[in-house]
Amino acid sequence: MTGGARRRGRRHPYTTALQVRQAPEIAELVGAADIVLLAGHRPLLADAAQAPVVVDAGRWKPTMAPLLPRAQVIIASADFRVPGSETSEATARVLVDQGVPTVITTHGDAPVRWWHRCDHGAVQPPNVQAVDTLGAGDVFHGAYCFFACQAEADVPTSIERAAAVAALKCETPGPRGWLQRLPELGWHRRLRREE
């Protein structure tokens with residue numbers, strides 16, 4: 001992704017005032033999910049999930065510590081650091097050593113780096129003229145989860161496809177215009193998970 005439109009909106013820092021304390025009905029809501037995508041400040045939701053948990057890790061928050069044992073995948077920004085780590089690679093190695101099976105770090109238009117158990121690699125995102133990057137990370141996270149649920153899913157393929165969807169978002173102005181362009185990616189039929 002290239003281009004001059006690299007401004008981003010800011011969300012409220014950590015939304016810790018909105019912590020879920022007790023909610024027995026949450027298990028019902030997430031019980032049928034194939035995968036659960038969480039921001040790092042919702043550890044109770046991870047406890048309720050029966051499906052694999054994917055954590056959107058923008059910046060380290062103390063509330064993330066209880067999520068680590070439940071996370072199957074952590075998708076981190078290049079700025080994400082666990083305490084005591086100075087680089088995204090060091091952070092990924094700490095997380096894998098602590099038992100997180102898959103760690104993915106995004107770096108804007110630079111390669112998406114990944115670690116999966118003892119394997120690792122990088123996926124180059126498509127080179128596009130970026131006009132609107134707002135929400136591209138969220139699009140990447142959601143697309144990764146979708147592709148990770150497919151029968152033929154593996155980490156590099158899921159990243160490659162998610163990066164293609166996020167790149168499409170970046171080259172399309174507005175919050176939802178990119179959705180109409182998804183057929184351009186060549187996935188004409190809905191991918192389905194084998195039962």
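**Exercise 1. Determine whether strand E3 is mostly covered or mostly open, and how it pairs with E2 and E4**.

Step 1. Strand E3 (71-77) is mostly covered, since five of its seven residues are buried, that is, under 20% relative accessible area with a 1.4 Å probe and protein chains only. Helices (H or I, at least four residues) and strands (E, at least two) are DSSP runs, numbered from the N terminus. The model is a predicted one, in which local features need pLDDT of at least 70 and side-chain atom pairs count only at pLDDT 80 or more, while totals for chains, interfaces and linings use all residues. Residues are numbered from 1 along each chain as its sequence is written, and side-chain values use heavy atoms, with hydrogens and water left out.

Step 2. E3 pairs with E2 in the parallel sense over five bridges, where pairing requires that DSSP finds at least two bridges between the strands; Val-53 stands opposite Ala-71 in E3.

Step 3. E3 and E4 also pair in the parallel sense, over five bridges, and the bridge partner of Ala-76 is Thr-105 in E4. The chain crosses from E3 through H3 to E4 in a right-handed β-α-β crossover, meaning that, with the strands pointing away from the viewer, the path from the first strand over the helix to the second runs clockwise.

**Exercise 2. Find which residues Ile-74 touches, and place Ile-74 in a nonpolar core**.

Step 1. Leaving aside neighbours within four places in sequence, Ile-74 is in contact (heavy atoms within 4.5 Å) with Val-55, Ala-57, Leu-68, Leu-95, Val-100, Thr-102, Val-103 and Ile-104.

Step 2. A nonpolar core is a set of buried Ala, Val, Leu, Ile, Met, Phe, Trp, Tyr and Cys residues joined through side-chain atoms within 4.5 Å. The largest such core has 26 residues, and Ile-74 is among those with the most contacts inside it, as are Leu-38, Val-55 and Phe-80. Elements that each supply at least two residues of this core include helix H1 (25-31), strand E2 (53-57), E3 and helix H3 (88-97).

Step 3. Apart from this core lies another, of 21 residues, among them Ile-75, Trp-114, Phe-147 and Ile-159.

**Exercise 3. Locate Gln-98 and explain why Gln-98 counts as partly exposed**.

Step 1. Gln-98 lies in the loop between H3 and strand E4 (102-107).

Step 2. Gln-98 counts as partly exposed because its relative accessibility is 48%, which falls between the buried limit and the exposed one, over 50%.

Step 3. Although Gln-98 and Pro-69 are 29 residues apart in sequence, their C-alpha atoms are 7.9 Å apart in space.
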